[in-house]
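Let's work through a structure by asking how each label is earned. Here comes the sequence and the model.

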Amino acid sequence: MRMNPKRKILLLVIILLATILLGICRGSINIPFLELLSKENQQILYLRIVRVMLGILVGAGLGVCGAVLQAILRNPLAEPYLLGTSSGAGLGAITAIILGVSGVYLPFAAFLGALLSIVLVYNLAKQDTKIPVQSLILSGVIVAMAFSGIILFFISISSNETLHGITWWLLGSLQIYQLKLLFVVAGIVVFGILSIFALSQDLNAISIGEEEAIHLGIEIETVKKILFLITSLITGALVSVSGMIGFVGLIIPHTMRLVVGPNHKILIPATCLGAAAFLVLCDTVSRSLLSPVEIPIGVITSLIGAPIFIILLKRSQRVK
Amino acid sequence: MGVLLKVDKLFGGYGREIVLKDISFEIKRGEFLGIIGPNGSGKSTLLRLMSRVLYPRKGIILFENQDITKMGLKELCRKIAFVPQDTLISFSFSVWEIVLMGRIPHLKRLQLETRKDFEIAESSLSLTDSLYLKNKKIDQLSAGERQRVIIAKALTQEPILLFLDEPTSHLDIGHQIQILDLLKRLNRQNYLTTVVVLHDLNLASEYCNRLILLNEGRIFKEGTPDEVLTYHNIESVYKTIVVVNKNPISSKPYCFLVSKEGRCLQD
């Protein structure tokens, strides 16, 4: 894979465009692209475009958050759901389902839960004015466990009907009912990713060590706090609309590091494109493979993602 | 020789624990200063305080007559660079990417490196004899190569003051001498003021113009290697018996260590 970084980015753009086209044409029924543009298929086209757009947002958002957390926590197992935000969103959503709040307000309840978990984790992790990495991970895990406990309790006492709603939510899906909601989420994700990209030089320095970064003039505590907040908000917003779609935030950053290297100036855009393409592809497969039955997208992300990652890992080991 | 950095009645440490107590000394422009002392005597803490990783509990550190806690961190890092004991980098950056990071203090956020930055990085690599490593990955290098690259990164910051925290403790004697010769050359040719924490008293004696001997968080003795490295000073600080003689080539003081068994035979 001896290509210069610009070519690799270009290649990823082409792959993303291809998956978008595929995602629009394929589905529970296959319609050729030109026919999709006709009037009677307008509704289908609209639904699929919205779905692909959400796929791009969820993929890019979770992928970039994973890359950032792996760098600032210097932990290869870090991923967007590590710091408790998703459990917070889960608790919010499930509380809403049990209280019988209708589907429209569900994302808001979930986002409220996410915000609650961010505040909790941040205050638990804080020591004086600093947030040490170890204590951030521990606080995240503890909050996630406590919230999961409550979620399990709610599941155990809920009726069959509610249970179905909860399970559907936990499995994650790219179905969305309102365009407005999509725009709000898009706003958060795009703003977040742009801010992260602006910090890519700081991320490079922090990924070689916190004291190293101080010696290069980086106010690490401020940068860490900003990044914790941004990644949590992105994750919270995404989980609120699409549920817990796993694996993307863990494996795509690693895959992209194998492809373009660890320099965040290239890694962040590459992860953005690669993860978006990956999720749109996975969603297309989940819709069309056993149609009309929709396979949960989390199943597809693991089944497609794991082999891709293993192939790349083996190849890079052989190069060494 | 003007004073570059002045430490005045400095107290500092971690959390509630005070490691350094009432430290005062000066670093003069162009000198090669060694800081020695037993484990836990506060050598690394002193370097951390002077490079603003830690804030002083009491007292003041003046760099070019400015209080460093009131200077911007980036401004400070354009003048002071730091080389740690050993840098374990878990991401496989290329040597070139690592060395270019030395330009971060000089760049604004999102500003791209210019030709000037590339030239500075390239000349730092050639100064440290590591230009041939430019396209290698940092995690494929040996400990000695890696340390030269980290020094090149520090030089890319274009510092006028360089701190090093035991830069040779993971290296064999050949690489130890290579690194210290390199530092000495930079000190002489580029007039780079160098402050180095060393464990090895004989290396400190051989390379430094001046030594500061720390003990239990205080300055025990400060002066030339001849003044500091006397058997009397060493024995009272390190609580072990040594014989101090002269290096036959450089005539700098040289410490011989004596085992307990050896001491008994002498009696």
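**How the labels are earned**

Q: What makes strand 11 (residues 242-246) and strand 12 (residues 253-257) of chain B a pair?
A: Two strands pair if DSSP finds at least two bridges between them. Strand 11 and strand 12 of chain B are joined by five bridges and run antiparallel, so they pass that test. One of the matches puts B:Val244 opposite B:Cys255 in strand 12. The two strands form a hairpin with six residues between them, and B:Ser251 in the turn has a positive phi of about 50°.

Q: What kind of model is this, and how are its parts numbered?
A: This is a predicted model: local features need pLDDT of at least 70, side-chain atom pairs count only at pLDDT 80 or more, and totals for chains, interfaces and linings use all residues. Residues are numbered from 1 along each chain as its sequence is written, while chains are lettered from A and ligands numbered from 1 in the order in which they are written.

Q: How confident is the predictor about chain B?
A: The pLDDT is the predictor's confidence in each residue, from 0 to 100. Chain B has a mean of 92, and 99% of its residues reach 70 or more. The model also scores ipTM 0.90 and pTM 0.90.

Q: In which sense do strand 6 and strand 7 (residues 161-165) of chain B pair, parallel or antiparallel?
A: Parallel, over four bridges. In this pairing B:Phe82 stands opposite B:Phe163 in strand 7.

Q: Which way do the residues of strand 6 (residues 80-83) of chain B point?
A: B:Ile80 and B:Phe82 point one way, B:Ala81 and B:Val83 the other way, and all are buried. That's the usual pattern, because in a regular strand the side chains alternate between the two faces of the sheet.

Q: What counts as a helix or a strand, and how many does each chain have?
A: They are DSSP runs, numbered from the N terminus: helices are H or I with at least four residues, strands are E with at least two. By that count chain B has 10 helices and 12 strands, while chain A has 14 helices and zero strands.

Q: Why is chain A called as compact as a globular protein of its length?
A: The yardstick is the globule rule, 2.2 Å times the number of residues to the power 0.38, and the radius of gyration is taken over C-alpha atoms. For 320 residues the rule gives 20 Å, and the radius of gyration of chain A is close to that, at 20 Å, so the label fits. Its C-alpha trace spans about 65 × 55 × 35 Å along the principal axes.

Q: Why is A:Ser159 called exposed?
A: A residue is exposed if 12 or fewer other C-beta atoms lie within 10 Å of its own, buried if there are 20 or more, and partly exposed in between, with C-beta atoms placed from the backbone. A:Ser159 has 8, so it is exposed. You'll find A:Ser159 in the loop between helix 6 (133-157) and helix 7 (160-171) of chain A.

Q: How much of each chain is buried?
A: Buried residues make up 48% of the 320 residues in chain A, and 40% of the 267 residues in chain B.

Q: What makes helix 9 of chain A mostly covered?
A: Eight of its eight residues are buried, among them A:Leu203 and A:Ile206. The cover includes helix 3, helix 8 (179-198), helix 10, helix 11 (220-242) and helix 13 (264-288) of chain A. After helix 9 comes A:Gly209, whose phi is positive, near 140°.

Q: How do you know which residues A:Val68 is in contact with?
A: Contact means that the C-beta atoms, placed from the backbone, lie within 7 Å. Leaving aside neighbours within four places in sequence, A:Val68 is in contact with A:Ile196, A:Leu203, A:Leu227 and A:Thr231.

Q: How many residues of chain A and chain B are in contact with each other?
A: 17 residues of chain A are in contact with 20 residues of chain B. Helix 9 (200-207) and helix 10 (210-215) of chain A each supply at least two residues of the chain A side.

How values were computed
Two residues are in contact if their C-beta atoms, placed from the backbone, lie within 7 Å.
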